[in-house]
Amino acid sequence: MKLCITAAGNTLSAPTDSAFGRAPWFMFVDTDSGAAEALVNSSADAVQGAGIAAAQLMAEHKVEAVLTGRLGPKAQAALAAAGIAMHEGLGRCTVAEALAQFRAGQYSAAGAGSAAGAAVSAASAGQGPGRGMGGGRGQGCGKCGGGRGRR
């Protein structure tokens, strides 16, 4: 399987990075052979959309699974749409240690790979039931025509 591990450097001895979209490097590792290839994350310093751009990069490189510390909802939705398995919870270790832990089954599937994650991914992709009221709870300032704010 082609696995991407988020990293702070471009070798197997480099420390891992807990961010997905903002990780400086992506280490593509064949979990069977151990062959590795490093790719600099060109969208790490993007003002916005780094997670989505990183997910698109994963799809372009035919990655089958991602191992990282955390994924944002938009990156999760993009990875799920591409059929890429997601594994979160990556702690402080080297890329080689993370690979060994992954092979040992120490990381469970996140996002669309789990039943609860599928609901989260569907909702974040705009496919939820639409029953929420939103973060503002309809209490706008009243000046923009909506809400019941103070004047």
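In the predicted model, the largest nonpolar core comprises 16 residues, among which C4, F20, F26, M58, V63, V66 and L79 touch the most other members. At least two residues of this core are supplied by each of β2 (25–30), α1 (50–60) and α2 (73–81), and the largest share, four residues, comes from α1. When neighbours within four places in sequence are left aside, M58 is in contact with C4, F20, F26, F28, V63, V66, L79 and I84. A second core, separate from this one, contains 14 residues, including A65, L67, A98 and L99.

Helix α3 (residues 95–103) has V95, A98, L99 and F102 as its buried residues; these lie on the same side of α3 because the arc that they cover around the axis is only 100°. The packing partners of the buried α3 residues are β1 (2–7), β2, β4 (65–67) and β5 (85–87). The helix is followed by G105, for which phi is positive, near 80°.

Strand β2 pairs with β1 in the antiparallel sense through six bridges, and in this pairing A7 stands opposite W25 of β2. An antiparallel arrangement is also found between β2 and strand β3 (residues 36–40), which are joined over five bridges, with L39 in β3 serving as the bridge partner of F26, a residue that also belongs to the largest nonpolar core. The strands β2 and β3 form a hairpin in which five residues lie between them, and G34, located in the turn, has a positive phi of about 85°.

Notes. Residues are numbered from 1 along each chain as its sequence is written. This is a predicted model: local features need pLDDT of at least 70, side-chain atom pairs count only at pLDDT 80 or more; totals for chains, interfaces and linings use all residues. Side-chain values use heavy atoms; hydrogens and water are left out. A nonpolar core is a set of buried Ala, Val, Leu, Ile, Met, Phe, Trp, Tyr and Cys residues joined through side-chain atoms within 4.5 Å. Buried means under 20% relative accessible area, exposed over 50%, partly exposed in between (1.4 Å probe, protein chains only). Contact means heavy atoms within 4.5 Å. The arc is that of the directions from the helix axis to the C-beta atoms. Two strands pair if DSSP finds at least two bridges between them.
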